[in-house]
Each structure stands twice: as structure tokens, then as C-alpha cells.
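The exercises below go through one structure step by step. Each gives a task and then a worked solution.

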Amino acid sequence: MALQEKYKELINAAQRASVRNLTVTESDNVLYINGTVSDGQAKDDLWNIYNKIDPDFRAGDLILNIDASAAAGTKAKVTTESSNLNIRKGPGTDQEIIGKAAHNEIVSVLSKANEQWSLIRTDKGKEGYVYTQYLTQA
Amino acid sequence: MKIKINSGWPIVFLILSIFLGSCKGRSSETTNADTSTTITSPADNTTNKNPDTATVVISADDSLRNMLTDAIKDYPGVTATTDQGVVTLTGNITREKLPKLMMSVNALHPKKVNNKLTIK
């Protein structure tokens, strides 16, 4: 319960931000907050609060897993820092690069392969796997 | 006969007005009951505000190791190791890139993340 008190502002904000499937669980002195939001800004806001409560995330007492990735069957924007996003043959960085999606390009999300990888199609018809973290719901 | 009927009307009105009066009384009682229901509802809201708890799912080390390779690929200078679900990050990173890396690692269902990165 002490950790829920420490991260109270974050938990309250998650509730206000209408995080779907929100769960808050404490186990072995680590707090686990899981949920899904529909836009990247809501996720960034929650992470900013986490960074404020625990500067540079040093305490190792919270796992914040907020999924803001684009759902299958929707459009997503490529939100890399500035570079192009590799499109790969399979879900993994060991897989061959078969194309690129430009920074800020809008792509179609066909399915999610796993926690990290999504199968996408570009407007030019190139299909392959990209790292989900760099996709934001468009 | 006629006299009895005529004298009976006021009695009918009297009975009707008593009946209507008692109905009115009942409807105000109902309103009071609703109000008291409303008083109890904030307690329900408080219960709903408590988010659900869930069983904590921790990724196996082999799976975590594979996922970490992908997660840190775009962060040269960062090393990630895992032992029984506990991920330790070492090396160097800039402060502006740290949140994105942490988001990525936190999404892999680790048991814990020890951030031992040097921030440049």
C-alpha cells in the first residue's frame, strides 16, 4: 500500500485519463500499473508524472505499462525521433529489412504479431513488420 | 331514491379527495426514498474508483532477453541484462531519450527494472 501512496498522483491521473483495463497491483515491493489508452499524449502525460515522482526512474519500484499503440485494423502514424522506420520480413531486429516507412507517414496496421511487433502496410503497398513503439494511433 | 343519490355525490368527492391526497403523500415518500438512494451512491463511486488488481505476469528470461535486444537496438551505448525477470540497464544515455527506453522496457513484462544508466 505504501507504493500506491507514493504513486497516488499517477494512479489518480490514470483514472482521470480514462485508461482502459486499468490494473494496479503491488507485489514484492514493486507496483505494477497496466492499461490501454487511445492516444500517445495520454501515455506521455502519465510517464511525465512518473518521472516527476521518481526522477530518472531510479527507484525500481514501478512497472508502468501503458499501451498506446494503434489497434489492428486502424491507421497509425510513424512516430520515430526523426529517422525512417524499418519494415522487416518478420517480427525481430534479426529479420531482413524489406522497406522503410517515412517519419510521420500514415500506415495501416493489419495485426499485432506480439508485444513488440506489428504487421503493417504502407500506402504504396509494402507489407511487413515494424516496431510497435514507433507507431501511434492516427 | 333521488335524495339519496344527490346526497351521495359529496361523499364520493370526499372519498376521492382523500384517496388522491394519500397518493400525493405516497409520491413524496418515493421522492424521499430516491434521495436517500442518492446519498448512498457516493460510497459506490468510491468503490469503483479503486482500480482492479490483477495477477502479475512476468516474462521468462529467454523471452525477455530476445525482446530486450529489440528494445535497446536504437540506443547505442545501452546494455540490458536480465536475471529472473529483473532487468538491469547499464551504460550511457541522454536524459531526453531515457523515457522512451523505459517505456519500451516496461512493456516487456519484467519483474523489475534497475536503471543504472549514466545520464549524459
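## Exercise 1: the two chains

Task: describe chain A by its contacts, burial and secondary structure, then do the same for chain B.

Solution. The model is a predicted one.

Step 1. In chain A, among contacts with a separation of 6 or more, 53% join residues 24 or more positions apart. Chain A has 138 residues, and 33% of them count as buried. Along the principal axes, its C-alpha atoms fill a box of roughly 50 × 30 × 25 Å.

Step 2. The secondary structure of chain A consists of three helices and 10 strands. In sequence order the pattern is α-α-β-β-α-β-β-β-β-β-β-β-β.

Step 3. Chain B has 120 residues, of which 21% are buried. It holds three helices and four strands, arranged along the sequence as α-α-β-β-α-β-β. For contacts in chain B with a separation of 6 or more, the share between residues 24 or more positions apart is 58%.

## Exercise 2: a three-stranded sheet

Task: work out the strand order of the open sheet in chain A, and state how each pair of strands runs.

Solution.

Step 1. Start with β1(A) and β2(A), which are antiparallel and joined by six bridges. One bridge pairs A:T23 with A:N34 of β2(A). The two strands make a hairpin with two residues between them, and A:D28 in the turn has a positive phi of about 50°.

Step 2. Go on to the other partner of β2(A), residues 30-36: this strand and β3(A) are parallel, with six bridges between them. Here A:Y32 lies opposite A:I63 of β3(A).

Step 3. Put the pairs together. The order is β1-β2-β3 in chain A, and the pairing is mixed. β1 (20-27) and β3 (62-67) of chain A are the edge strands; each has a single partner, so one side of each lacks a neighbour in the sheet. From one strand to the next, the twist averages 5°.

Step 4. Check the burial of β2(A). Five of its seven residues are buried, so β2(A) is largely enclosed by the rest of the structure.

## Exercise 3: the sides of a helix

Task: find which residues of α3(A) are buried, and where they sit around the helix axis.

Solution.

Step 1. Take the length. α3(A) has 14 residues and spans 20 Å from its first C-alpha to its last, close to the 20 Å expected at 1.5 Å a residue.

Step 2. List the buried residues: A:A42, A:K43, A:L46 and A:Y50. These residues cover an arc of only 100° around the axis, which places them on the same side of α3(A). An α-helix has 3.6 residues a turn, so residues three or four places apart point the same way.

Step 3. Identify what the buried residues of α3(A) pack against: α2 (8-16) and β3 of chain A.

Step 4. Look at the face turned away from the buried side of α3(A). It carries the exposed residues A:Q41 and A:K52.

## Exercise 4: the contact between the chains

Task: state which elements of chain A give two or more residues to the side that touches chain B, and what kinds of residue make up that side.

Solution.

Step 1. Count the residues in the contact: 24 come from chain A and 25 from chain B.

Step 2. Assign the chain A side to elements. Those giving two or more residues are β1, β2, α3 (40-53) and β3 of chain A. The largest share, five residues, is from β1(A).

Step 3. Sort the chain A side by residue class. It has nine nonpolar, 12 polar and three charged residues.

## Exercise 5: one loop residue

Task: decide why A:T122 counts as partly exposed, and list its contacts beyond four places in sequence.

Solution.

Step 1. Locate A:T122 in the loop between β8 (117-121) and β9 (127-131) of chain A.

Step 2. Count its neighbours. A residue needs 20 or more other C-beta atoms within 10 Å to be buried. A:T122 has 19 C-beta neighbours inside 10 Å, so it counts as partly exposed.

Step 3. Leave aside neighbours within four places in sequence: A:T122 then has A:A101, A:E105 and A:V107 as contacts. A:H103 is 19 residues from A:T122 along the chain, and their C-alpha atoms are 12 Å apart.

Methods. Residues are numbered from 1 along each chain as its sequence is written. Chains are lettered from A and ligands numbered from 1 in the order in which they are written. This is a predicted model: local features need pLDDT of at least 70, side-chain atom pairs count only at pLDDT 80 or more; totals for chains, interfaces and linings use all residues. Two strands pair if DSSP finds at least two bridges between them. Axes are lines fitted to C-alpha atoms, for helices over the stretch in contact, and angles run from 0 to 180 degrees between N-to-C directions. Two residues are in contact if their C-beta atoms, placed from the backbone, lie within 7 Å. Ala, Val, Leu, Ile, Met, Phe, Trp, Tyr, Cys and Pro count as nonpolar, Asp, Glu, Lys and Arg as charged, and the others, Gly among them, as polar. The expected span of a helix is 1.5 Å times one less than its number of residues. A residue is buried if 20 or more other C-beta atoms lie within 10 Å of its own, exposed if 12 or fewer, and partly exposed in between; C-beta atoms are placed from the backbone. The arc is that of the directions from the helix axis to the C-beta atoms.
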